[in-house]
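Work through the exercises below with the sequence and the model in view. Each task is followed by a solution in steps.

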Amino acid sequence: MSKVLQVVGVGWLIVAGLVIVLGYGMVLWQQGFWALAEMLSPWNIINYVVVMLTLAPGVAILMVADRMKAKKG
């Protein structure tokens with residue numbers, strides 16, 4: 001079961017990372033470099049919160065898989 005959760009967690013992180021990078025690419029392509037720079041600005045806290053919320057399920061699944069693996073072995 002921990003192997004399945006590990007695969008699901010890594011899969012989630014890969015897909016979420018690709019969605020984030022493709023989103024940045026679309027902003028760059030449609031609105032230009034300065035829109036992307038504004039979105040990635042350190043003062044744009046909402047962007048960082050949304051990225052963390054997107055990646056959090058994958059990290060949580062990997063943590064559960066590790067705990068299951070540690071309990072079992």
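**Exercise 1. Packing of two helices**

How close do the axes of helix α1 (residues 2-31) and helix α3 (residues 45-72) come, and at roughly what angle do they cross? Give the relative direction and the handedness as well.

Solution. The coordinates are those of a predicted model. Two packed helices are described by the angle between their axes and the distance between the axes. For α1 and α3, the axes come within 7 Å, and the crossing is at roughly 165°. Angles over 145 degrees count as roughly antiparallel. α1 and α3 are therefore roughly antiparallel to each other. Their crossing is left-handed. Sorted by class, the contact between α1 and α3 has 17 nonpolar residues, 7 polar ones and 2 charged ones.

**Exercise 2. Length and bend of α3**

Compare the expected span of α3 with the distance between its end C-alpha atoms. Then locate the bend in α3 and list buried residues of this helix.

Solution. The expected span is 1.5 Å times one less than the number of residues. With 28 residues, α3 should therefore span 40 Å. The end C-alpha atoms of α3 are 40 Å apart, which agrees with that expectation. α3 nevertheless bends by about 35° at Ala56. A proline, Pro57, follows within four residues of the bend. Buried residues in α3 include Asn47, Val51, Gly58, Leu62 and Ala65.

**Exercise 3. Residues of α1**

Classify Val8, Ile20 and Met26 as buried, partly exposed or exposed, and relate each to a second residue in space.

Solution. The cut-offs are under 20% relative accessible area for buried and over 50% for exposed, with partly exposed in between.

- Val8 is placed in helix α1. Its relative accessibility is 42%, so Val8 counts as partly exposed. Gly23 is 15 residues from Val8 along the chain, and their C-alpha atoms are separated by 22 Å.
- Ile20 is also placed in α1. Its relative accessible area is 17%, so Ile20 is buried. Ile20 and Leu55 are 35 residues apart in sequence, with 9.6 Å from C-alpha to C-alpha.
- Met26 is found in α1 too. At 38% relative accessibility, Met26 counts as partly exposed. Met26 and Lys69 are 43 residues apart in sequence and 39 Å apart in space, C-alpha to C-alpha.

**Exercise 4. A loop residue**

Where does Leu40 lie, and how far in space is Leu40 from Tyr24, C-alpha to C-alpha?

Solution. Leu40 lies in the loop between α2 (33-39) and α3. Its relative accessible area is 32%, so Leu40 is partly exposed. In sequence, Leu40 and Tyr24 are 16 residues apart. In space, the C-alpha atoms of Leu40 and Tyr24 are 9.1 Å apart.

How values were computed:
Residues are numbered from 1 along each chain as its sequence is written. This is a predicted model: local features need pLDDT of at least 70, side-chain atom pairs count only at pLDDT 80 or more; totals for chains, interfaces and linings use all residues. Side-chain values use heavy atoms; hydrogens and water are left out. Axes are lines fitted to C-alpha atoms, for helices over the stretch in contact, and angles run from 0 to 180 degrees between N-to-C directions. Angles under 35 degrees count as roughly parallel, over 145 as roughly antiparallel, 65 to 115 as roughly perpendicular and the rest as oblique. A crossing is left-handed if the near helix is turned anticlockwise from the far one by less than a right angle, and right-handed if clockwise. Ala, Val, Leu, Ile, Met, Phe, Trp, Tyr, Cys and Pro count as nonpolar, Asp, Glu, Lys and Arg as charged, and the others, Gly among them, as polar. The bend at a residue is the angle between axes fitted to the seven residues ending there and the seven starting there. Buried means under 20% relative accessible area, exposed over 50%, partly exposed in between (1.4 Å probe, protein chains only).
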